[in-house]
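Open the model in your viewer and switch to a cartoon display. Keep the selection tool ready.

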Amino acid sequence: MTLRGWVMNPGQSRALIYFGGNGDAVQTMRQDYASWAPGRTVYLVAYRGYGASGGTPSEQALFGDALAIYDDVRSRQQDIAVVGRSLGSGVATWLASQRPLERLVLVTPFDSVARLAQQRFPVFPAALLMQDKFESWRYAPAVHCPVLVIEAQNDGVVPAASTDSLMRKFSPAPQFIRIGGVSHGNIVDDPRYAAAVTDFLR
């Protein structure tokens with residue numbers, strides 16, 4: 001099984017790993033993150049089963065892949081920041097609970113995919129039926145680096161209550177930015193998003 005991705009700004013002393021959302025084509029973020037983190041080598045890898053990467057995605061598989069990517073990057077760069085958006089926030093939070101990070105950015109993050117499913121389909125025991133729960137709230141207490149949470153004001157996918165529930169699990173509390181007038185899907189197009197990420201990753 002082969003994972004395929006892109007490396008931007010090669011040769012920098014610090015690194016940034018980006019984990020995208022479900023269905024995101026991470027290659028579309030290449031130039032953005034290269035410019036937002038000019039002092040970092042940026043790694044964008046398509047999840048298994050996404051893009052040109054082989055394999056079949058699952059929670060444990062994505063977690064294992066994230067660990068392998070981190071360990072490979074760590075062999076070249078010691079200071080590693082991670083950005084996780086939507087689904088990627090679940091991968092990023094878990095990774096931050098397992099390995100030391102310099103910084104962590106969570107974009108439109110949730111406390112638990114299983115809880116989101118249960119809220120959307122309350123008639124069915126979705127939380128019990130889902131094999132991939134992505135329970136970020138369980139891993140947040142083990143994260144010991146500065147954290148920035150970016151929320152979309154008009155997020156129709158991840159309710160604010162889910163993000164709030166996750167943030168309460170971090171100690172100390174994360175930095176928090178709510179970007180007004182944007183949705184779950186178009187938050188990355190807003191210049192305030194770019195400014196927040198750039199400032200935090202300096």
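This tour goes from the sheet to the helices and then to a cavity.

**Stop 1: the sheet.** The model is predicted. Select the strands. Seven of them form an open sheet with mixed pairing. Read across in the order β1-β3-β2-β4-β5-β6-β7. Now pick out the edges, β1 (5-8) and β7 (175-179). Each has a single partner strand, so one side of each is left without a neighbour in the sheet. Turn the view to follow the twist, which averages 15 degrees from one strand to the next.

**Stop 2: the β7 edge.** Select residues 147-152, which make up β6. β6 and β7 run parallel and are joined by five bridges. Label isoleucine 150 and look across to β7: the bridge partner there is isoleucine 177.

**Stop 3: β3 and its two partners.** Select 40-45, strand β3. On one side of the pairing is β1, antiparallel to β3 over four bridges. Find methionine 8, which stands opposite valine 42 in β3. Then go to β2, which pairs with β3 in the parallel sense over five bridges. Here tyrosine 18 stands opposite leucine 44 in β3.

Are the residues of β3 buried or exposed? Six of its six residues are buried. Show the side chains and check both faces. Arg40, Val42 and Leu44 lie on one side. Thr41, Tyr43 and Val45 lie on the other. Both faces are covered.

**Stop 4: two helices across the sheet.** Select 59-74 for helix α2. α2 lies across β2 (14-19), β3 and β4 (79-85). Its direction is at about 165 degrees to β2. Next, select 87-98 for helix α3. α3 lies across β2, β4 and β5 (103-107), and runs at about 150 degrees to β4.

**Stop 5: the cavity.** How many cavities of 30 Å³ or more does a search of the whole structure find? The search finds one. The largest cavity has a volume of about 50 Å³. To see its lining, select Leu3, Phe19, Val45, Ala46, Tyr47, Arg48, Leu62, Asp65, Ala66, Ile69 and Val91. Which element gives the most to this lining? Helix α2 does, with four residues. Colour the lining by residue class: nine residues are nonpolar, none are polar and two are charged. Val45 belongs to this lining and is also one of the buried residues of β3.

Methods
Residues numbered from 1 in each chain as written. Predicted model: local features only at pLDDT ≥ 70, side-chain atom pairs only at ≥ 80, totals over all residues. Heavy atoms only, no water. Pairing = 2+ DSSP bridges. Helix = DSSP H or I, 4+ residues; strand = E, 2+ residues; numbered from the N terminus. Axes fitted to C-alpha atoms, helices over the stretch in contact; angles between N-to-C directions. Contact = heavy atoms within 4.5 Å. 1 Å grid on protein atoms, 1.4 Å probe; cavity = no way out; pocket = protein on both sides within 12 Å on 5 of 7 lines; lining within 4 Å. Points joined across faces, edges and corners; volume = space filled by probe spheres on them. Nonpolar A, V, L, I, M, F, W, Y, C, P; charged D, E, K, R; others polar. Buried < 20%, exposed > 50% of the residue type's maximum accessible area, 1.4 Å probe, protein only.
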